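Q: Please take a close look at one part of this model and follow its surroundings outward. I would like each cut-off stated along the way.

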Amino acid sequence: EVQTERELFVKNADAQLPLASLTKTVTALTASQYLSMDEYVSVTRESLSVEGESGLVLGEEWLVRDLIDFTLIESSNDGAHLLAESAASKQGENTEWFYERMNEVATQSGATQMYFINDSGLDVSSSTAGAYGSARDVALLLAHATLESSEVLGGSSSSSKTFVTRDGAAHTAHNTSGVPSMISGARISKTGYTDLAGGNLGVVFDAIPGRPVVAVV
């Protein structure tokens with residue numbers, strides 16, 4: 001329960017496991033500290049080089065607010081890498097610097113077992129995941145975001161949404177989770193899946209109006 005920090009049900013909460021695309025919530029939160037929601041970023045060849053195709057086109061200019069929402073709803077690996085790359089570049093740094101900032105954001109939320117190797121959560125190899133953390137870590141992170149940064153992750157609860165780039169191209173994102181359409185009062189929703197992680201889910205919803213609860217599986 002977000003406001004009281006009361007645990008309603010706990011099982012295997014502290015095992016450090018692969019995070020898969022739950023990673024993208026931290027990517028979005030970190031990027032929002034270095035990029036203005038109202039500035040535009042341009043799709044680069046580097047951002048398109050990661051695994052997965054979500055429809056981004058080289059040279060398109062995206063409003064950061066829209067790119068964050070698109071990345072979370074669609075679980076776009078391209079979008080996540082573009083956010084990381086753009087935030088790092090603005091600071092004159094590379095993406096390795098950004099991953100260290102992701103680790104700091106996680107620690108500030110109270111997470112003790114989160115560790116990021118990349119911005120998407122994609123497996124690095126057959127034995128190494130792109131990010132690690134526990135269910136408790138994810139719960140703490142999402143609870144903290146609900147209280148402090150709800151505008152950054154709030155778009156993730158949309159079932160679908162159409163975005164228009166600066167040059168007029170339309171992109172429609174469809175949520176990788178059915179949770180927003182099934183649970184009334186969904187605030188944040190993010191799924192993940194990789195070979196190492198299997199499937200996972202983090203969601204914040206109002207159990208009753210004004211009483212948000214975090215569930216992590």
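A: Helices (H or I, at least four residues) and strands (E, at least two) are DSSP runs, numbered from the N terminus. The model is predicted, so local features need pLDDT of at least 70 and side-chain atom pairs pLDDT 80 or more, while totals for chains, interfaces and linings use all residues. Residues are numbered from 1 along each chain as its sequence is written, and side-chain values use heavy atoms, without hydrogens or water.

A good place to begin is Leu 22, which sits in the loop that runs from strand S1 (17–18) to helix H1 (23–34). With a relative accessible area of 6%, Leu 22 counts as buried (under 20%; exposed is over 50%, partly exposed in between, with a 1.4 Å probe and protein chains only). Once residues up to four places away in sequence are set aside, Leu 22 touches Val 138, Lys 190, Thr 191, Gly 192, Asn 200, Leu 201 and Gly 202, where contact means heavy atoms within 4.5 Å. A further separation from Leu 22 can be given for Tyr 193, which is 171 residues away in sequence but 8.8 Å away in space, C-alpha to C-alpha.

The strand before this loop, S1, belongs to an open sheet of 3 strands, ordered S1-S5-S4 with antiparallel pairing (two strands pair if DSSP finds at least two bridges between them). In that order S1 and strand S4 (115–116) are the edges, each having a single partner strand, so one side of each has no neighbour in the sheet. S1 is joined to strand S5 (residues 131–133) by 2 bridges, and these two strands run antiparallel; within that arrangement, Pro 18 faces Tyr 132 of S5.

Tyr 132 appears again among the contacts of Met 114, which, residues up to four places away in sequence not being counted, touches Leu 19, Val 26, Asn 103, Ala 106, Tyr 132, Gly 133, Asp 137, Val 138 and Leu 141. Val 138 is thus touched by Met 114 and by Leu 22. Met 114 also has a place in the largest nonpolar core, a set of 47 residues in which Ile 68, Phe 98, Met 114, Phe 116, Leu 142 and Leu 153 touch the most other members (such a core joins buried Ala, Val, Leu, Ile, Met, Phe, Trp, Tyr and Cys through side-chain atoms within 4.5 Å). Two or more residues of this core come from each of H1, helix H2 (64–74), helix H3 (77–90), helix H4 (95–108), helix H5 (135–148) and helix H6 (150–153).

Gly 133, touched by Met 114, also gives a reference point for Arg 45: the two are 88 residues apart in sequence and 30 Å apart in space, C-alpha to C-alpha. Arg 45 is in the loop between strand S2 (40–42) and strand S3 (61–63), and this residue is exposed, its relative accessible area being 63%.

Helix H2 leads on to the aromatic rings. The structure holds 4 aromatic pairs (centres within 6.5 Å; planes under 30 degrees apart are stacked, over 60 edge-to-face, the rest tilted). The Trp 62 and Phe 70 rings have centres 5.0 Å apart and planes at 50°, so this pair is tilted, and both residues are buried. Phe 70 also pairs edge-to-face with Phe 163, at 6.0 Å between centres and 85° between planes, linking helix H2 with strand S6 (residues 160–164) across 93 residues. Phe 163, like Phe 70, is buried, and ring pairs connect Trp 62, Phe 70 and Phe 163 into a cluster.
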